[in-house]
Amino acid sequence: MRWVNDDATYHTVTSTERPDVRRPSGRFDGVLDAPQEVFTVTFPEPGEFAYYCQPHAEFMAGVVRVAPE
Ligand SMILES: [Cu+2]
């Protein structure tokens, strides 16, 4: 999965155990602090992986769904 910072604001891509509990889980934590900066995570197994942006946790979050091959 690849995230690109599409503006000039500081964002993070921070893993969390559940989408409704936005607290770092330690699996990944990328910083996107410049325009067009890229952060990439490889998910080796199927599953659902929740993430959020630490400075914008109230409205910036998502889930990556990795389908079985
Ligand atoms: Cu953000």
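Student: Which residue of strand 3 stands opposite Thr-16?
Tutor: The model is a predicted one, in which local features need pLDDT of at least 70 and side-chain atom pairs count only at pLDDT 80 or more, while totals for chains, interfaces and linings use all residues. Residues are numbered from 1 along each chain as its sequence is written. Strands are DSSP runs of E with at least two residues, helices are runs of H or I with at least four, and both are numbered from the N terminus; two strands pair if DSSP finds at least two bridges between them. In strand 3, the residue opposite Thr-16 is Pro-24.

Student: How many bridges join strand 2 to strand 3?
Tutor: Strand 2 covers residues 11–18 and runs antiparallel to strand 3. The two strands form a hairpin with two residues between them. One of the pairs sets His-11 against Leu-32 of strand 3. The number of bridges joining strand 2 to strand 3 is six.

Student: In what order do the four strands of the open sheet stand?
Tutor: Strand 2 also pairs with strand 5 (residues 47–52), in the antiparallel sense over three bridges. Strand 5 is in turn joined to strand 6 by six bridges, again antiparallel, with Gly-47 opposite Val-66. The open sheet has antiparallel pairing, and its order is 3-2-5-6.

Student: Why is one side of strand 3 and of strand 6 left without a neighbour in the sheet?
Tutor: Strand 3 covers residues 21–32 and strand 6 covers residues 61–66. One side of each lacks a neighbour because both stand at the edges of the sheet, each with a single partner strand.

Student: By what average angle are neighbouring strands of this sheet turned against each other?
Tutor: Axes are lines fitted to C-alpha atoms, for helices over the stretch in contact, and angles between N-to-C directions run from 0 to 180 degrees. With direction ignored, the average turn between neighbouring strands of this sheet is 35°.

Student: Which strand gives the largest share of the largest nonpolar core?
Tutor: A nonpolar core is a set of buried Ala, Val, Leu, Ile, Met, Phe, Trp, Tyr and Cys residues joined through C-beta atoms within 7 Å. A residue is buried if 20 or more other C-beta atoms, placed from the backbone, lie within 10 Å of its own, exposed if 12 or fewer do, and partly exposed in between. The largest core has six residues, namely Val-13, Leu-32, Phe-49, Tyr-51, Tyr-52 and Cys-53. Its largest share, three residues, comes from strand 5.

Student: Which residue of strand 5 stands opposite Ser-15?
Tutor: On the preceding pair, Thr-14 stands opposite Tyr-52 in strand 5. Contacts join residues whose C-beta atoms, placed from the backbone, lie within 7 Å; leaving aside neighbours within four places in sequence, the contacts of Tyr-51 include Val-13, Ser-15, Ala-61 and Val-64. The residue opposite Ser-15 is Tyr-51.

Student: Is Arg-18 buried or exposed?
Tutor: Arg-18 lies in strand 2. Its C-alpha is 8.2 Å from that of Tyr-51, although the two are 33 residues apart in sequence. With 11 other C-beta atoms within 10 Å, Arg-18 is exposed.

Student: With which residues is Arg-2 in contact, leaving aside its neighbours within four places in sequence?
Tutor: Arg-2 lies in strand 1 (residues 2–4). This residue counts as exposed because it has 8 C-beta neighbours inside 10 Å. Beyond the neighbours set aside, the contacts of Arg-2 are Val-38 and Thr-40.

Student: Near what value is phi of Gln-36?
Tutor: Gln-36 is placed in the loop between strand 3 and strand 4 (38–40), and it counts as exposed, with 10 C-beta neighbours inside 10 Å. Most residues other than glycine have a negative phi. Gln-36 is a residue other than glycine with a positive phi, near 70°.

Student: What radius of gyration does the protein have?
Tutor: The protein has zero helices and six strands, and its C-alpha atoms fill a box of roughly 35 × 25 × 20 Å along the principal axes. The radius is taken over C-alpha atoms, and the globule rule is 2.2 Å times the number of residues to the power 0.38. For 69 residues a compact globule would have a value near 11 Å, which agrees with the radius of the protein, 12 Å.

Terms used
Two residues are in contact if their C-beta atoms, placed from the backbone, lie within 7 Å.
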